[in-house]
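Here is an informal walk through one protein model, from its charged pairs to its hollow spaces. Have a look at the structure first, then read on.

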Amino acid sequence: MSAQPPLPEACDVLIVGAGLSGIDAAVRLAQRCPRLSVEIVERRDRLGGTWDLFRYPGIRSDSDVATLGFPFRPWRGDEAITAGRDIHAYIADTAREHGLADRIRTGHGVRSADWSWEAARWTVTLDTPGGVRRVACRFLYFCTGYYAYDRAYLPDYPGAETFGGPIVQPQFWPEDLDWQGRRIAVIGSGATAVTLAPTLAEAAEVTMLQRSPSYVVTLPARDKWAGRLQSVLPARAAHALTRAKNIGLGMAFYQLARRRPDWMRDFFVRNVARQLPEGFDVDRHFRPAYDPWDQRVCIVPDGDLFRAIGAGHVRMVTDRIARFDRDGIVLRSGARIDADIIVSATGLEVELFGGAALSVGGVPASAAGRLCYKGAMLDGLPNLAMAFGYTNASWTLKCDLIARWVARLLDHMERTEADWVMPAADPDAPREQFVALSSGYVGRARHLIPSQGGAAPWRAHQNYLRDIGAFRLAPIRDGALRFGAL
């Protein structure tokens, strides 16, 4: 790690996390609130967040890069789905172009944060390369995502200790793993599994084992319209039009899926069937029991998974695991999968605030059960915001709306000389699940995540146009936020 300037003892805003949402937040604050001192801490040794952590073969975006990227910095090129290394480079280049390099302290992980009403400050305890440090900030902004970086979900596989080869989790892919020419079993049916299987199959014998299917759809790897627009328009105009197109198509696709689930279910299955050999059991392997968008839809660029299946390089198996043995996996059906390497692409472990322990006046304050205000702040936690993106579209889309709104909020507090702001909900207000997905990682974390209400501003809408109104047009003082001064 290169030498970096020491973190000041106090600042106006402390951003936690230097991934897509953290860099976006820092740029938006600099644009709207240039008088505020803003610092960024990142516990990893490099910026990039998800796009620095995940390094498994074939890692790529699971949504189009025009909406995954920043609105203020055009994505150059006609890629629609792109490699993780290119996204990492894009984040690093953006940070450098906006002069953020000296504000990012890598190797700084937040252990805890305590709010003082008397000082209207957060005292943040950090684990740093030089030891434990404490810094104070007026506003704490978590851009840490929603899952743990140091652990992933690994089921308790019976007989796992008897398997003769490595059991690999994609989140911790070994750099020295020799997988070429080997027999590999990829366990899972989500975005990671459908990315890994065709990539590994380029030089290995792959079996993709899933307990139940996911919805999988083919999208072009390149956006022809983006390329054409870039050839005739300035970069920013071409980028804006491409984003608008993709946002509109994504919203229409989602709304159709929710309003006509039976029709959309058949559409997905027909789309897959057209790309696979005649006689392939599409219903068994690609027709889920749930409705579209009860879980995220998996994207395969240019149908690479289906091409690999059709060519015989990837074998699909839908079954349950009975046990592992020395040579592979024994299935409940009595069949088996012989393997030299097993990849368990079985999901994430949800973790909010990067695992930091929060307290208000020394009293522990978790996110669990608190009502979420606009999906950006939590009832009863003053001067604290979090970046939490969409589950049905690019994560960055909503994170950017939140970043611009936080900048509006802090600008308003400066002008009105407010020292603190806090969402205040009716304690008897109805509560619903905050993340409306049936995915396994969500179900395992119900006891950790906040709640949402039945109506605005306590409901997190999965609708970009609606959120533009909520974040950019609605007044800051809406009756749900309390402001105060020392």
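Let's start with one charged pair: Asp78 and Arg222 meet through their side chains in a salt bridge, at 2.5 Å from N to O. A salt bridge here is a side-chain nitrogen of Lys or Arg within 4 Å of a carboxyl oxygen of Asp or Glu. This pair ties together distant parts of the chain, 144 residues apart: Asp78 sits in the loop between α3 (65-68) and α4 (84-97), and Arg222 in the loop between β11 and α6. Helices (H or I, at least four residues) and strands (E, at least two) are DSSP runs, numbered from the N terminus.

Before going further, a word on the source: this is a predicted model, where local features need pLDDT of at least 70 and side-chain atom pairs count only at pLDDT 80 or more, while totals for chains, interfaces and linings use all residues. Residues are numbered from 1 along each chain as its sequence is written, and side-chain values use heavy atoms, with hydrogens and water left out.

**Charged pairs**

The structure holds 30 salt bridges. Side chains of opposite charge can pair when their charged atoms come close. Here are some of the pairs, with the relative accessible area of each partner. Buried means under 20%, exposed over 50%, and partly exposed in between (1.4 Å probe, protein chains only).

| Pair | N to O distance | Acid | Arginine |
|---|---|---|---|
| Asp78 and Arg222 | 2.5 Å | Asp78: 25%, partly exposed | Arg222: 49%, partly exposed |
| Asp52 and Arg55 | 2.7 Å | Asp52: 2%, buried | Arg55: 45%, partly exposed |
| Asp400 and Arg28 | 2.8 Å | Asp400: 3%, buried | Arg28: 9%, buried |

The salt bridge between Asp400 and Arg28 also links distant parts of the chain, with Asp400 in helix α11 and Arg28 in helix α1 (residues 20-32), 372 residues apart. Elsewhere, Arg32, Arg35, Asp411, Glu414 and Arg415 join up in a network of salt bridges.

**Hollow spaces**

How many cavities of 30 Å³ or more are there? The count is three. On a 1 Å grid over the protein atoms alone, a cavity is a set of points where a 1.4 Å probe fits but cannot get out; a pocket is an open set with protein on both sides within 12 Å along at least five of seven lines, and lining residues have an atom within 4 Å of a point. Grid points are joined across faces, edges and corners, and a volume is the space filled by probe spheres set on the points.

The largest cavity has about 80 Å³. Its lining includes Asp12, Arg138, Met413 and Glu414, and α11 (395-416) gives the most to that lining, with three residues. Glu414 turns up in the salt-bridge network too.

The second largest cavity holds about 60 Å³. Among its 10 lining residues, Phe388, Gly389, Phe434, Ala460 and Gln462 are the closest to its centre.

Then there is the second largest pocket, at about 830 Å³. It is lined by 37 residues, and the closest to its centre are Asp64, Leu219, Asn246, Leu249 and Gly250. Helix α7 brings the largest share of this lining, nine residues.

**A spot on the surface**

Finally, look at Leu233, in the loop between α6 (224-232) and α7 (235-259). Leu233 is partly exposed, at 31% relative accessible area. Together with Val232 and Leu241, Leu233 forms a nonpolar surface patch with about 260 Å² of accessible area. Patches are made of residues with over 30% relative accessible area and no salt bridge, where like charges are joined within 9 Å and nonpolar side chains (Val, Leu, Ile, Met, Phe, Trp, Tyr) within 5 Å. Accessible areas come from the Shrake-Rupley method with a 1.4 Å probe; for residues, only the protein chains shown count as cover.
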